[in-house]
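Work through the exercises below with the model open. Try each task before reading its solution.

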Amino acid sequence: MVSKLPLDRVLVEDCIAAMNALPAKSVDMIFADPPYNLQLGGDLWRPEGGMVDAVDDAWDKFDSFATYDRFTREWLAAARRVLKDDGTIWVIGSYHNIFRVGASLQDLGYWILNDIVWRKSNPMPNFKGTRFTNAHETMIWCSKSEDARYTFNYHAMKALNEDLQMRSDWVLPICTGGERVKVEGVKAHPTQKPEALLYRIIMACTQPGDVILDPFFGSGTTGAVAKLLDRRFIGIEREEKYAKVARKRIDAVTPMSNEALSVMASKRAQPRIPFGTLVETGMVKPGAELVDLSRKYRARVRADGSLALGDSAGSIHQMGARAQGQPSCNGWTFWHVEDAGKLVPIDAMRQQYRETVGTA
């Protein structure tokens with residue numbers, strides 16, 4: 001299936017037709033930055049007299065909300081067809097369009113996982129002083145269905161956030177300075193997204209080698225970051241002038257090394273190691289005493305990897321729950337062994353085993 005895909009290419013086509021030509025269920029993630037239908041009424045001027053370079057291109061103009069909604073449903077339906085059953089889609093927008101897009105996503109059967117607020121640390125001010133400064137955009141992250149087993153690199157996101165759980169409000173700067181792609185001194189695309197935004201998204205829900213589709217490719221931010229992070233991409237862009245810029249930009253990217261790409265894996269993604277394996281390999285010996293952190297409860301390890309607690313016997317989880325009178329217990333973190341006068345959780349020994357046998 002992957003061999004039939006136009007990998008690492010920019011297709012200069014209408015996005016709906018191009019997606020309908022791709023094999024069904026063939027991409028792992030979609031990032032979409034569709035036209036916002038900004039409905040701008042006339043030029044916008046700065047206080048000193050300069051005109052704001054706003055989005056007034058033909059590709060962002062629609063005759064009516066009904067026309068925009070029809071376009072939205074059509075491209076989202078095409079995207080749903082090419083997305084793998086366990087893939088996810090991200091759609092970004094502003095208050096002009098994101099609520100309409102969200103309704104279409106739900107109507108088409110996508111399952112909303114999060115709405116992410118990208119809070120701009122350096123937003124463009126409201127020059128007229130008639131409204132609040134528009135300092136954010138919204139991203140909707142969806143799986144293909146409620147039961148999809150989608151990728152979410154939780155621990156990598158936590159590591160990015162100084163070991164705190166990543167929240168749904170992201171403070172990142174808009175694209176300025178050296179990152180802004182220009183042609184003859186003029187910015188190449190009016191809505192270029194910052195690489196930091198795509199970096200976080202791609203790190204969050206893909207793995208190296210995954211295929212990322214961007215049906216509104218623009219200046220190629222998705223492709224540039226995908227290449228950097230050793231992911232494959234398919235870009236669709238109907239304007240040749242933008243496609244040309246994107247290709248040149250991506251060609252200049254050097255992928256990260258495999259060592260640099262290593263991320264903290266979710267515990268659910270790690271190989272399952274039964275407690276009995278630690279007993280079989282002698283890391284925990286039969287007859288050894290396990291205690292809780294307060295040394296209130298004590299259990300003996302049996303040869304089959306079960307624990308004896310008083311007159312009862314069972315798994316490390318069952319005996320941990322019984323000791324506390326609780327319905328359940330994570331025995332890996334509850335039970336400890338004593339080593340040189342210090343208590344070591346058996347979970348640490350499990351991780352040591354993973355590292356020893358090279359299955360981490």
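**Exercise 1. Find the bridge partner of Val-27 in E3, then place the strand pair in its sheet.**

Solution.
- Val-27 has Leu-83 of E3 as its bridge partner.
- Strands here are DSSP runs (E, at least two residues), helices likewise (H or I, at least four), and both are numbered from the N terminus.
- E2 and E3 (residues 83-93) run parallel and share five bridges. Pairing requires that DSSP finds at least two bridges between two strands.
- The model is predicted: local features need pLDDT of at least 70, side-chain atom pairs count only at pLDDT 80 or more, and totals for chains, interfaces and linings use all residues. Residues are numbered from 1 along each chain as its sequence is written, and side-chain values use heavy atoms, with hydrogens and water left out.
- Now the whole sheet. It is open, has eight strands and mixed pairing, and follows the order E1-E10-E9-E2-E3-E5-E4-E6.
- E1 and strand E6 (169-172) are at the edges with a single partner strand each, so one side of each lacks a neighbour in the sheet.
- From one strand to the next, the twist averages 20°.
- H5 packs on this sheet and touches E2, E3, strand E4 (111-120), strand E5 (136-143), E6 and strand E9 (211-214). Contact means heavy atoms within 4.5 Å.
- The direction of H5 makes about 140° with that of E6. Axes are lines fitted to C-alpha atoms, for helices over the stretch in contact, and angles run from 0 to 180 degrees between N-to-C directions.

**Exercise 2. Which residues of H7 are buried, and which elements do they pack against?**

Solution.
- Start with the geometry. H7 (residues 240-251) has 12 residues and spans 16 Å from first C-alpha to last, close to the expected 16 Å at 1.5 Å a residue. The expected span is 1.5 Å times one less than the number of residues.
- Next, burial. Buried means under 20% relative accessible area, exposed over 50%, partly exposed in between (1.4 Å probe, protein chains only).
- Tyr-242, Ala-243, Val-245, Ala-246, Arg-249 and Ile-250 are the buried residues of H7.
- Their arc around the axis is only 160°, which puts them on the same side of H7. The arc is taken from the directions from the helix axis to the C-beta atoms.
- An α-helix has 3.6 residues a turn, so residues three or four places apart point the same way.
- Lys-244, Lys-248 and Asp-251 are exposed on the other side of H7.
- Finally, the partners. The buried residues of H7 pack against strand E1 (9-11), strand E7 (182-183), helix H5 (195-205), helix H6 (221-228) and strand E10 (232-236).

**Exercise 3. Repeat the burial analysis for H3.**

Solution.
- The buried set in H3 (residues 98-107) is Ile-98, Val-101, Gly-102, Ser-104 and Leu-105.
- These cover an arc of only 165° around the axis, which puts them on the same side of H3.
- Phe-99, Gln-106 and Asp-107 are exposed on the face turned away from the buried side.
- Helix H2 (65-82), E3 and E5 are what the buried residues of H3 pack against.
- Just after H3, Gly-109 has a positive phi of about 100°.

**Exercise 4. Trace the strands E11, E12 and E13 through their bridges and turns.**

Solution.
- Strand E11 (residues 289-291) pairs with E12 in the antiparallel sense over three bridges. Glu-289 has Arg-300 as its bridge partner in E12.
- Six residues separate E11 and E12 in their hairpin, and Arg-295 in the turn has a positive phi of about 60°.
- E12 joins strand E13 (residues 307-309) by two bridges, again antiparallel. Here Arg-300 has Ala-308 as its bridge partner.
- The hairpin of E12 and E13 has five residues between the strands, and Gly-305 takes a positive phi near 90°.
- Check the faces of E12 (residues 298-301). Ala-299 and Val-301 form the covered face, Arg-298 and Arg-300 the uncovered one.
- In a regular strand the side chains alternate between the two faces of the sheet.

**Exercise 5. Where do Lys-25 and Asp-230 lie?**

Solution.
- Most residues other than glycine have a negative phi.
- Lys-25 has a positive phi of about 50°. It sits in the loop between helix H1 (15-20) and strand E2 (27-32).
- Lys-25 is partly exposed, at 45% relative accessible area.
- Asp-230 has a positive phi near 60°. Its loop runs between H6 and E10.
- Asp-230 is partly exposed, at 34%.
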